[in-house]
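Please open the structure in your viewer and keep the selection tool ready. We will go from one selection to the next, pausing at each to see what is there.

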Amino acid sequence: MKPHSGTLIIDISGGQKAEAYEGVYQCTARNKHGTAVSNNIVIRQSRSPLWSKEKIDPFIVQEGASLVLPCRPPAGLPPPIIFWMDMSFQRIPQSRRVSQALNGDLYFSNVILDDSRNDYICYARFPHTQTIQQKQPITVRVINMDAINETMAAFLNDTDFFSDGPSEERRPMFLVPSETGSTKMVLRGQVLELECIAEGLPTPEISWSKVSGEFPSKRTTFHNFHKTLRITDVSEADAGEYRCTAKNRLASVHHIIGVTVKAAPYWITAPRNLVLAPSETGVLTCRAGGNPKPTITWSMNGIPIENSPKDPSRKVEDDTIIFTDVRTGSSAVYQCNASNEYGYLLSNAFVNVLAEPPRVLTPSDKVYQVIMNKPALLDCASFGSPIPRITWFKDTRSSVLEGDSYVFHQNGTLEIHVAQTTNSGKYTCVATNSLGISENHVYLEVKEPTRILRQPEYWVVQRNRDVVFECKVKHDPSLTPTMIWLKDNGELPDDERFVVDSDSLTIIDVTENDEGTYTCIMNTTLDQDSASASLTVVEATPTPAIIYEQPDAPTDLELTDQRDRSVQLTWIPGDEHNSPIKKFLIQYEDALHQPGIWHNLTEVPGIKTTAHLKLSPYVQYTFRVLALNNVGYSQPSYPSRSYKTKAAAPDENPSEVEAMGTHHDNLVISWKPLTGLQSNGPGLQYKVMWKQMDVENQWASVTVANVSKFVVSGTPTFVPYEVKVQALNDYGSGPEPKVVVGYSGEDFPLAAPNNVQVFVQNSTLAEIHWMPVPPNSVRGRLKGYRVYYMKQRDQHKHNGHHTEQQVLNFSANKTHGKLPGLHPYSSYKLNVRVFNNRGEGPPSPTLQFETPEGVPGPPAFLKVTNPNLDSLTLEWGPPNEHNGKLTGYTLKYQPVNNTNELGPLEELALAANETSVTLPNLKYSTRYKFYFNAKTLIGPGPSITEEAITVMDEGKKAMASRQVDIATQGWFIGLMCAIALLILVLLIVCFIKRNKGGKYPVKEKEDAHADPESQPMKDDDVTFGEYSDSEDHKPLKGSRTPSNGTVKRDESDDSLVDYGEGGDGQFNEDGSFIGQYSGKKERDTAEGHESSEAPSPVNAMNSFV
């Protein structure tokens, strides 16, 4: 034990084992007055156990699958901090996809190839022992099944060796929590942490919401990539259901976590020390909250009170001990213990039964100094048992101080609202109890306020001139004044041109930098006063300009013709400064009710110097005057002498009188109190009067003070009352008050609406009718009717599925209403209640009704599987909302070409129990659009659509691709243009040569070997490049046309066929080229081609290649 203290020191540096000192400790302190005990102190040794050695097999997982790497550290005291690192002591990167759970495990929503590594290491840091334990490294191998399938396909005849499995996209599923529903308990004041981790591909996003309420914004944070919800300083309002939602582009799932908030005991009213005199009565209270409700037990001097010596003056009632007629010597320390299953509270309270004559603790002969018209506080702290009564005297003890000028505080302090010079003097406070008397003397000195009599003037000064700001001050001669000058609220520049005297500031040779606002402040130890003026520096001008300034303050204020409710004020105007005075503003200060605050009273024209002022009773007036010209207001004048009007009865009653009940058996009468200026005299009170309307003839009344409401108890429920409130003071009553009608408090309605009927309009709408309740059963102001309804189940499902109860309010004059938004083909139950301002009445008997069938919702999904050359398989899921009995499905589909034009629409009816269909005899390599909907007896529901393409024929795939791709390329179009231009040039050259050289050898041979069977060609039938020989349509020698339509080049590159359109130019048997230059000149412009097959850019290209 540490000497002279209660500190216990345990030193284990000598080799003792710490385990030997583990346990629960409690400190006890006792003396002759009693025994106090401390809270329990638990001592436990911190531990950081080693990680057990284990062999961890590698985790081999397919790409895209989920993965959990367990950590499971050894239990330590306190628990360790978990983190994951690699061999290089670098933290494992975490993201929405990879994250560490609260239990330390590492979760992968889906794995990728880059997750493969052999050094996933879980570390546990034990903070108290500053040690770190390491788990054996974990190896993860991610395999790509597509790559394996491609490799194995070469050996297994194009058959997948492994199925696709998890590498396909999949809906989210929760990894944490693993159960379907979960609950969480948290203690009040602690931190609530809720966790949701989901797997899926793509990686799901996590979001949180509270089912019935909002998150506490200032106490809620999200961590671990939104997977952890944390609420600090939990309260009972945070209990409820929390929904976490995991969503990717395939679907969304949610999990509900029910949170309950329990509470260890917390103080509502902790017991406090109690000092009692003999024969006095006292109460010791110990109130604590908690969930479950704490159990209160009492001890005296550390011993359970039931085992302590009996004391007839002590009575224990649950959380209260009542002491009656206590005796000397019964002092003790009482312990209150409030406990439940989650903790306990312990508090000591010393009950001291003490007989002590009074003592005044305030130092004697203390001097208090205050400024006139300010409040003064004189202290008289005392101690004694019984508690002394304090009495104040001034100068002599001939009369006790009392009256409205004084306020006596509970701690003995005397307050003087408005201190005047007459209040200066010697004050005596006397403390008295049954055992004696004690007194103390203090002194009050009321000082004159510090006032600036001559304020600095505003100056407009030419540059390089001198300026003087005067500041003449009057102050109490017993106080030491200090003058301070400021420039623009800062210190004066450190410049010898600024000369400060006792009552002035001189600036020599002013410059532009000297412009600003100058303030003189006169400080004393009790108060201060200040005034400001601005300086403007201008250039020197040949002729002085007229200076316009605010007027000087009026002077010599005088009060004459003093009456109870009026007075005449006169004054002398100050200098106008070249701008005539437009008006005077008269202000007043009420030193009795609002000292230090000036109020505007009235305005008079600038040509007058006298004002007749209307006054209110019981006000201590001080007046001042301000003058106004075109520049602005002057400074206020020096205040006039004080003038206190006589008190009188109130001129008005309180306003905003209201009467209304807050409970079923009371009436609360409230009003806006009168201000001090409206009170007209001391002793302001209010006479509150009331009577039940049309029942009572006599007014009941009560007189109250310093309150703004009164509660009438024991009233009947919701009956009208007449009330009125009248102001009183020591000089009489106010005028007759106005009568206000109000109602006593409301109670819960007694009756429920009867004859409730439901008329179902359609599958989503019902109409409800009821009979109104009797007015006397409402017991308040009828606010309306409230319909509670809830869906019990869908009729196509056998098991019940209750949904959240819904509520609709209808006005008081309604006896029917509509229930919109109902679910088709469902069973509902409802009841109707009446409500008033207090609350709801009992429910009507529960009524059940059913909604008819409606059209179903859209099918849950529609997807295309197994696309083949001429068939597609469609799979679907039934609608989430059947809305009736499904009678089947309708499938419509039509082809879509490359320009998005739709082909003929086919329709197929399907049975209700089918979930897939295969469509045969489709066109290959064709896009189809599908429309799919479900139907009930009522009709079809909305459709969902899907598109898919049949597989392309491999034999024609290359050609089709080539035709589409080449013919639409820009380079190909340019090449065609260039070739056409080259042909045109060759034709022009040949034409020129023919004109120059006569007939070509070809033509001579034709003339020499004319074919008698040749048919003459008509001009209008001739086309460019044609010949009439019957062999014109034979293929050229050395060339061939394959069956698949493509043209292959022969070995010769000199054939002129390469420059024709489709190969119609041909050679005769003698090798001469015919058909290209035969006929007239007009044939050069011939249109068309008599080939059975129209030329295409692809064929032309094949000819040139």
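The tour below passes through a few strands and then a helical stretch, in a model that is predicted.

Begin by selecting residues 504-507, which make up strand S48. Are the residues on its two sides buried or exposed? Ser504 and Thr506 lie on one side, Leu505 and Ile507 lie on the other, and all of them are buried, so that both faces of the strand are covered. As a general point, side chains in a regular strand alternate between the two faces of the sheet.

Next, add residues 467-470, strand S43, which pairs with S48 in the antiparallel sense over four bridges; here Val468 is found opposite Thr506. Then add residues 498-500, strand S47, which also runs antiparallel to S48 and is joined to it by three bridges. In this pairing Thr506 is the bridge partner of Val499, and S47 and S48 together form a hairpin with three residues between them.

Now move to an open sheet of five strands, whose order is S42-S50-S49-S45-S46 and whose pairing is mixed. Its edge strands are S42, at 459-462, and S46, at 490-491, each of which pairs on one side only. Within this sheet, select S45 (residues 482-487) and S49 (residues 516-523), which run antiparallel and are joined by six bridges, with Ile484 standing opposite Ile521.

Finally, select residues 971-992, where an unreviewed UniProt entry places the feature "transmembrane region". In the model this stretch is 100% helix and 0% strand, and its end C-alpha atoms are 32 Å apart.

Technical notes: Residues are numbered from 1 along each chain as its sequence is written. This is a predicted model: local features need pLDDT of at least 70, side-chain atom pairs count only at pLDDT 80 or more; totals for chains, interfaces and linings use all residues. Side-chain values use heavy atoms; hydrogens and water are left out. Buried means under 20% relative accessible area, exposed over 50%, partly exposed in between (1.4 Å probe, protein chains only). Two strands pair if DSSP finds at least two bridges between them. UniProt positions are given in the numbering used here, feature names are shortened, and annotations may be inferred rather than shown by experiment.
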